[in-house]
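Please open the structure in your viewer and keep the sequence panel visible. The stops below are given in the order in which they may be selected.

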Amino acid sequence: MITITDTPSLAAYCDAARGAPYVTVDTEFLRERTYYSKLCLIQLAIPGEGDDGAVLVDPLAGDLSLEPLYALFRDESVVKVFHAARQDLEIFWHDGNVIPAPLFDTQVAAMVCGFGEQVGYETLVRKIAKAQIDKSSRFTDWSRRPLTEAQKVYALADVTHLRDVYEYLAAELEKTGRTAWVEEELGVLMDPATYVVHPEDAWKRVKTRTNTGKFLAIVKELAAFREGYAQARNVPRSRVYKDDALVELASTKPQSEKDLGNSRLLLREARKGEIAEGILMAVKRGLEADPKTHPETDRGRDQLQVNPALADLLRVLLKAKSESAGVAQKLIATSAELDQIAAGERDVPALNGWRNVVFGRDALRLIDGEVGLRADGRDVVVFEI
């Protein structure tokens with residue numbers, strides 16, 4: 001079991017990997033005490049048997065630069081294979097300004113190949129590689145050194161079995177002609193904007209019951225201050241103040257540190273100093289904001305004129321199409337999208353690309369009365385009218 005701790009060794013491995021058709025990649029990280037994930041370990045494997053061709057890379061080793069790995073990520077002759085890649089890609093984007101390409105995500109591919117919604121890695125390993133993974137090291141502290149033998153074995157299994165999973169799914173996609181479907185789905189993961197949180201947009205993540213303009217203006221300012229503060233100091237946003245405290249502050253509109261002292265939910269550390277000053281300034285900006293600039297929640301779904309019967313028919317059609325195609329339902333269309341279609345909206349993801357072929361086309365024909373649905377035993381069949 002090889003652990004790389006210096007740049008020349010990493011460069012040598014990555015040079016060798018350029019001769020392989022693919023490399024499987026996984027990471028171990030911590031995020032409990034920071035805003036950005038702390039990268040603790042990288043696992044890599046090229047085609048081989050068992051541990052052959054597989055290595056652990058220790059980014060916490062003082063003499064190690066990850067530039068050779070990032071150069072490999074930019075080499076488009078080698079497919080980079082991940083499972084549930086989003087968090088891994090976020091780390092590499094913020095650390096190295098790189099998104100591996102071409103990319104293959106086995107979780108996305110498995111959904112296209114009929115393994116269900118957001119299928120876990122252990123499930124795929126069990127069903128495809130016919131192996132079991134020891135989960136005992138999953139929640140260990142990956143920042144502590146030295147790593148135990150159990151940690152190393154667990155970490156390496158995340159990329160060695162991934163080779164079998166990738167090869168099986170890639171062959172299935174090629175056989176069914178669905179490779180382009182997965183590539184279409186990976187567009188969001190490949191977009192750097194996916195991994196950037198702008199403080200001015202942070203309010204959209206805060207759940208509120210009150211949606212008046214002035215209230216939301218304060219929420220927006222408080223969320224923006226919190227996000228910028230957390231990013232600048234690399235601390236979790238919840239360490240600044242939690243969402244429930246943010247909503248409380250937007251309701252009580254504190255004007256002084258004395259007012260902050262009356263908060264039930266605000267952390268003690270946030271009632272004085274920089275955070276307290278930032279809160280009071282944020283509330284002031286929200287109160288003074290021009291009503292024309294007040295944020296608005298998306299009330300589109302509440303205002304949809306949905307025909308319930310039609311929406312139910314679309315759900316039946318979706319289930320039938322999903323089972324027929326062997327694709328997870330939520331990957332084809334969400335419940336909200338079905339309501340949008342039933343309400344007459346047409347700028348919906350389910351009506352574009354491969355989804356239109358699998359579901360959207362017949363969904364519109366069902367709405368137009370060109371096709372109907374009938375039961376055939378346990379199956380639902382689409383028939384021409």
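Is Glu-185 buried or exposed? Select Glu-185: it counts as buried, at 17% relative accessibility, where buried means under 20% relative accessible area, exposed over 50%, and partly exposed in between, with a 1.4 Å probe and protein chains only. The residue belongs to helix α7, residues 179-185. Display its surroundings as well: apart from neighbours within four places in sequence, Glu-185 contacts Val-108, Leu-331, Trp-354 and Arg-355, a contact being heavy atoms within 4.5 Å.

Two conventions apply throughout. The model is predicted, and local features need pLDDT of at least 70, side-chain atom pairs count only at pLDDT 80 or more, and totals for chains, interfaces and linings use all residues. Residues are numbered from 1 along each chain as its sequence is written, and side-chain values use heavy atoms, with hydrogens and water left out.

**The whole chain**

Zoom out to show the protein in cartoon form. It contains 18 helices and eight strands; these are DSSP runs numbered from the N terminus, helices being H or I of at least four residues and strands E of at least two. The C-alpha trace spans about 70 × 65 × 35 Å along its principal axes. Of the 385 residues, 46% are buried. Among contacts with a separation of 6 or more, 62% are made by residues 24 or more positions apart.

**Strand β4**

Select Leu-56, which is situated in strand β4, residues 54-57. Leu-56 is buried because its relative accessibility is 0%. Now add Met-1: the two residues are 55 apart in sequence, yet their C-alpha atoms are 8.0 Å apart in space. Leaving out residues up to four places away in sequence, Leu-56 also touches others, including Ile-4, Leu-41, Ile-42, Ala-155 and Leu-156.

**The cysteines**

Select Cys-14 and Cys-40 together. How many disulfides are there? The count is zero, a disulfide being a pair of cysteine sulfur atoms within 2.5 Å. Cys-14 is in no disulfide, and the nearest cysteine sulfur to its own, that of Cys-40, is 19 Å away. Cys-40 cannot be bonded to Cys-14 because the separation of their sulfur atoms is too far for a bond. Both residues are buried: Cys-14 has a relative accessible area of 1%, and Cys-40 is at 0%.

**The β7-β8 hairpin**

Move to strands β7 (residues 371-376) and β8 (residues 379-384), which run antiparallel and are joined by six bridges; strands pair if DSSP finds at least two bridges between them. Arg-374 has Val-381 of β8 as its bridge partner. Two residues lie between the strands of this hairpin, where Gly-377 adopts a positive phi near 65°.

**Loops with notable backbone angles**

Select Pro-102, in the loop between α3 (86-96) and β6 (103-105). The peptide bond leading to it from Ala-101 is cis, with omega near -10°. Asn-97 is found in the loop between α3 and β6; although not a glycine, Asn-97 has a positive phi of about 55°. Asn-97 is exposed, at 52% relative accessible area.

Next, select Pro-146, in the loop between α5 (121-129) and α6 (149-176). A cis peptide bond with omega of about 5° joins Arg-145 to Pro-146.

The final selection is Asn-234, in the loop between α9 (213-233) and α10 (237-240). Asn-234 has a positive phi of about 55° and is not a glycine; at 30% relative accessibility, Asn-234 counts as partly exposed.
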